[in-house]
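Trainee: Please take me closely through one part of this protein, the network of charged side chains. I would like to know who the partners are, where they sit, and what surrounds them.

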Amino acid sequence: MTDFQKYVQRYLDLIPSADWLQEMKNTGEKTVQIYSGLTEEQSLFAYTEGKWTLKELLLHLSDTERIFQYRILAFARGDQNELPGFGEETYAQNSFANERSLGSLIEEYQLVRKSSQSIGNTTSFCGKQYRDSQRKPAFCRDHRETDCRT
């Protein structure tokens with residue numbers, strides 16, 4: 001296992017079951033449930049000065065999922081280009097999340113999560129392109145499998 005695979009695996013091991021798509025659905029529903037119970041005032045809470053508000057955190061989840069969707073697509077299509085990182089602090093500073101309604105942020109999160117579920121359901125991570133490539137994904141459809149057998 002490469003260092004990158006080890007890095008990713010520690011997060012994948014936190015998923016309570018091998019059915020990560022179902023877990024994605026469950027956590028998405030729970031996130032919406034929690035945020036739907038907040039008022040606009042509560043959603044502006046940050047535990048200390050300079051830390052993200054709950055609105056900024058929710059938009060961060062959406063932004064991060066979008067970035068990972070692109071990475072999944074790049075792996076699935078055999079793209080050999082280096083994938084860019086992203087500066088979450090810069091993204092948060094330029095998000096204007098606190099100026100948006102909580103309802104709009106929840107709706108955006110639901111749409112992005114649905115898109116993530118779709119790409120997960122329709123993308124093969126372990127195809128021939130990985131056997132023939134130096135660039136192997138850190139995980140396969142079963143997140144505990146790392147050698148990508150087809």
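Mentor: Start with one definition. A residue is buried under 20% relative accessible area, exposed over 50%, and partly exposed in between. Keep in mind too that this is a predicted model.

Now the setting. The protein has 7 helices and 0 strands. From the N terminus on, the order is α-α-α-α-α-α-α. Of its 150 residues, 39% are buried. Take the contacts between residues at least 6 apart in sequence: 67% of them join residues at least 24 apart. One such long link in sequence will turn up in the network.

Which residues form the network? Salt bridges that share partners join Asp63, Arg66, Arg100 and Glu108. The whole structure holds 6 salt bridges. We will walk along three links.

Begin with Asp63 and Arg66. They form a salt bridge, and their closest N and O atoms are 3.9 Å apart. The cut-off is 4 Å between a side-chain nitrogen of Lys or Arg and a carboxyl oxygen of Asp or Glu, so this pair counts. Why can these two meet? They are 3 residues apart in helix H4, so about one helical turn separates them. How covered is each one? Asp63 is buried, at 16% relative accessible area. Arg66 is at 37%, so Arg66 counts as partly exposed.

Next step: Arg66 to Glu108. Their side chains meet in a salt bridge of 2.8 Å, N to O. This link leaves the helix. Glu108 lies in helix H6 and Arg66 in helix H4, so the pair ties together parts that are 42 residues apart in sequence. Glu108 is buried, with a relative accessible area of 15%.

Third step: Glu108 to Arg100. Their side chains also meet in a salt bridge, at 2.7 Å, N to O. Arg100 has a relative accessible area of 27%. That value falls between the 20% and 50% limits, so Arg100 is partly exposed.

Put the steps together. Arg66 bridges to Asp63 and to Glu108. Glu108 bridges to Arg66 and to Arg100. Among these partners, both acids are buried, Asp63 and Glu108. Both arginines are partly exposed, Arg66 and Arg100.

What else do these helices do? They help build the largest nonpolar core. Its 9 residues are Val32, Tyr35, Leu58, Leu59, Ala97, Leu102, Leu105, Ile106 and Tyr109. Helix H2 (20–36), helix H4 (54–76) and helix H6 (102–122) each supply at least two residues. H6 gives the largest share, 4 residues. So H4 and H6, the helices of Arg66 and Glu108, also meet in this core. In soluble globular proteins, nonpolar side chains tend to be buried together.

Look at Tyr35 for a view of how the core is joined. Beyond four places in sequence, Tyr35 touches Leu54, Leu57, Leu58, Leu102 and Ile106. There is also a second, separate core of 5 residues, including Leu12, Ile15, Trp20 and Leu21.

Compare one more acid, away from our three links. Glu23 lies in helix H2. Its relative accessibility is 17%, so Glu23 counts as buried. Its side chain makes a polar contact of 3.1 Å with that of Ser17. Beyond four places in sequence, Glu23 touches Ile15, Pro16 and Ser17. Ile15 belongs to the second core.

Finally, how far can you trust the model? Its mean pLDDT is 84, and 82% of the residues reach 70 or more. Among the elements, helix H3 (residues 40–43) has the highest mean, 98, and helix H7 (residues 128–131) the lowest, 48. Residues 129–133 stay under 50, with 15 contacts beyond four places in sequence. Residues 136–150 are also below 50, and that stretch has 54 contacts beyond near neighbours in sequence. Where pLDDT is low, the predicted coordinates should not be read in detail.

Definitions and conventions:
Residues are numbered from 1 along each chain as its sequence is written. This is a predicted model: local features need pLDDT of at least 70, side-chain atom pairs count only at pLDDT 80 or more; totals for chains, interfaces and linings use all residues. Side-chain values use heavy atoms; hydrogens and water are left out. A nonpolar core is a set of buried Ala, Val, Leu, Ile, Met, Phe, Trp, Tyr and Cys residues joined through side-chain atoms within 4.5 Å. Buried means under 20% relative accessible area, exposed over 50%, partly exposed in between (1.4 Å probe, protein chains only). Contact means heavy atoms within 4.5 Å. pLDDT is the predictor's confidence in each residue, from 0 to 100. A polar contact is a pair of N or O atoms within 3.5 Å; within protein, one must be able to donate a hydrogen and the other to accept it, and residues adjacent in sequence count only if both atoms are side-chain atoms.
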